[in-house]
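User: Please give a close account of the internal empty space in this model, and then of the surroundings that can be described with confidence. Please state the cut-offs behind each term.

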Amino acid sequence: MKQIPFYHTRLNGAFWGEKQRISKEVTVDAVYDRFAETKRFEALKCDAEQQAREGWHTHFFWDSDIAKWIEGAAYILERGRNDALEAKVDAIIDDMCANQMADGYYNCFFKIYDTEKRFTIRDRHELYCLGHLIEAAIAYRHATGKDKLLCMVERYVDYVIRVFTVEKTAKFMTPGHEEIELALVKLYRATGKQKYLELAKFFVDKRGANALDPDGYCGFATAHYAQDHLPVREMTTAEGHSVRAMYLYIAMADLALECGDEALFHACEAILKNVAHKRMYVTGGIGSSHIGEAFTVDYDLKNEPAYTETCATLALALFCQRMTKIKPMGWYADTAELAMYNGSISGVSMAGDEFFYENPLAIDLADHNKNPATKDKERYPITQRLKVFGCSCCPPNILRFINAIGDFMYTEDGDTLYVHHYMNGETEYEGKTIRQTTAYPSCGKVKLEVDGYKKLAVRVPGWCTAFEASAPYEVRDGYAYFDAVDVLDLDFHIQPRLVVSAPGVHDNAGRVALLYGPVVYCMEGVDNKDDIFALSIDPNTAFTLTPDEYFGMPRITADGYLKVDCGQLYTAINAVQYENRCLNFIPYYAMENRGETDMQVWIPLKA
């Protein structure tokens, strides 16, 4: 199975084309400007005296923030020249290369602080930063033909190979924060150099299977936090820090594909089943707890304190995409789609310049202001997006994700084209052409025009109950297979639908969530004049859709009920009174864009 890279596809308008337009016109500069203000780029000059004089300090993972911004910028440059943007990237690369050490090592923190402690502190993100630099270097060379950064990171990786596998002088064996593993597979594919694949295998195979890495982590966590609890081929559940975990699982899937490793693939599939069936929010969000930014236990999916870091949701989508390259199973892409349309893009404002690190499924403003008896307040996620964070990994991650979203669309296997996701655009690849015409996901109609393939396999989304096609087909593993079709009309008949949680998700007992195709909806106080937590819905209600240009998806209204406050704290159930109300829903990804307001995804059923 071979992926058709995103840079062979041009998305035209519709949902993702519009997201890319905003990303190009707003987000790339917004992130750059905030990084400049917070001295991230200045830190690349590695001037300790300047930092002391001006009263600021390089952070040990700033290299990774910058690298992700470079990668996102490179993906924008794939769609057209931009001399000003290219000049910004070139200046950054010049500073990095000027401060690479003689042995090949580079890190703007360790260059001026704790230089003697290089590769002695497992949680100082050296290899994580290098992984992102590798991805940035590959992306920038492909977009511009410039290889200065790529040459720099290859020198660095060669140094890592020597330190970790030849001299064995590092004080740990595997990275504290995974990322370099998946980047090394990319580097192998970009250069054809086997040594990079071998280093990726080394880091993955040694994880949880060596005596050098500590049993426990950072003084507060167990081995599960850093995925050190088991050798990778014995893993069956998603554990620990959710972003670190997903980056490891992506690398495992990459190596399973590259090396034909069945044991790795089966471990990946077991882990993904655990996530999709027991540890994932309906929005595709993962990582329930702010303590360790981590997975906890099955069905622990509380709504208001949900952590669900943006980076974790993005990484889940990428893990699913890697699994799809190994084996076309509809539920892999279904899981990716939930993450793509909900808990990932909720991390960026509709305007494209403000961001959420966490993406809760409920916001009750009263909870943020209670308990006047103490200065300390209970912890909840913030209620308005910010332009930058101290740990600002999510903004540049969103930048690169949106601008490479076309990677999710197609794979090919011999003369068969697999269509995994639906986006309006045109693709030219090795003499073959593909055109998708669609307004998906606001409409379920898709027209495919294909030249160069004998067979088509299109995913029938798992939520779809009424699928129509203009040619005969056979369904296997969530895909409809067609023979000798050049033009194909599809209709997935998207309709609003209510879903319930498994009984183990206690927070959602007696509640339903509204979805329209893959898009999760929510209620906000700004659209509903009553206390939204006193509203309920009838499971048999009818829905009304109203087009809305701002959201890029229809608003949805439904008949519902307001529980009347009778003036007593507790009331006999047969004395409860309800008033009819019209319930207003918007896409979850657009929540908290119109001022601070209450919000909830899971709506009570009328008693």
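Analyst: A search of the whole structure finds 3 cavities of 30 Å³ or more. On a 1 Å grid over the protein atoms alone, a cavity is a set of points where a 1.4 Å probe fits but cannot get out, whereas a pocket is an open set with protein on both sides within 12 Å along at least five of seven lines; a lining residue has an atom within 4 Å of a point. Grid points are joined across faces, edges and corners, and each volume is the space filled by probe spheres set on the points.

The model is predicted: local features need pLDDT of at least 70 and side-chain atom pairs count only at pLDDT 80 or more, while totals for chains, interfaces and linings use all residues. Residues are numbered from 1 along each chain as its sequence is written, and side-chain values use heavy atoms, with hydrogens and water left out.

The largest cavity has a volume of about 90 Å³. Its lining includes K19, I22, S23 and T27, together with I345, V348, S349, M350 and G352, and also I398, I402 and Y589. Helix 1 (14–37) and helix 13 (394–403) each supply at least two of these lining residues, and helix 1 gives the most, with 4. Helices here are DSSP runs of H or I with at least four residues, strands are runs of E with at least two, and both are numbered from the N terminus.

The largest pocket has a volume of about 870 Å³. Of the 36 residues that line this pocket, Q3, Y7, Y75, K186 and D407 lie nearest its centre. Two or more lining residues come from each of strand 1 (2–3), helix 3 (62–77), helix 5 (126–144), helix 7 (180–191), helix 9, helix 11 (310–326) and helix 13. Helix 11 provides the largest share of the pocket lining, 7 residues. Helix 13 thus appears in both linings: it supplies at least two residues to that of the largest cavity and two or more to that of the largest pocket.

Helix 12 (residues 330–344) has 15 residues and spans 20 Å from its first C-alpha to its last, close to the 21 Å expected; the expected span is 1.5 Å times one less than the number of residues. In helix 12, 14 of the 15 residues are buried, where buried means under 20% relative accessible area, exposed over 50% and partly exposed in between (1.4 Å probe, protein chains only).

Strand 16 (residues 519–524) is largely enclosed by the rest of the structure, because 6 of its 6 residues are buried. V519, Y521 and M523 are buried on one side of the strand, and V520, C522 and E524 on the other. Strands are said to pair if DSSP finds at least two bridges between them. Strand 16 pairs with strand 15 (residues 511–516) in the antiparallel sense over 2 bridges, and Y516 stands opposite V519. These two strands form a hairpin with 2 residues between them, and G517 in the turn has a positive phi of about 60°. Strand 16 also pairs with strand 20 (residues 578–587), again antiparallel and over 2 bridges, with C522 opposite I586. A further 2 bridges join strand 16 to strand 21 (residues 599–600) in an antiparallel arrangement, in which M599 is the bridge partner of E524.

Several loop residues deserve separate mention. D507 lies in the loop between strand 14 (496–499) and strand 15, and is partly exposed at 35% relative accessible area. D507 and E304 are 203 residues apart in sequence, yet 9.6 Å apart in space, C-alpha to C-alpha. Beyond its neighbours within four places in sequence, D507 is in contact with L301, K302 and N303, contact meaning heavy atoms within 4.5 Å. A polar atom of the D507 side chain lies 3.0 Å from the backbone nitrogen of N303.

Q227, in the loop between helix 8 (194–206) and helix 9 (242–259), has a positive phi near 55° although it is not a glycine. Q227 is buried, with a relative accessible area of 0%. E430 is another residue other than glycine with a positive phi, about 50°; E430 lies in the loop between strand 6 (425–429) and strand 7 and counts as exposed at 53% relative accessibility. A cis peptide bond, with omega of about 10°, joins Y440 and P441. P441 belongs to the loop between strand 7 (432–438) and strand 8 (445–451).

Note on methods. Polar contact = N/O pair within 3.5 Å; in protein donor to acceptor, adjacent residues only side chain to side chain.
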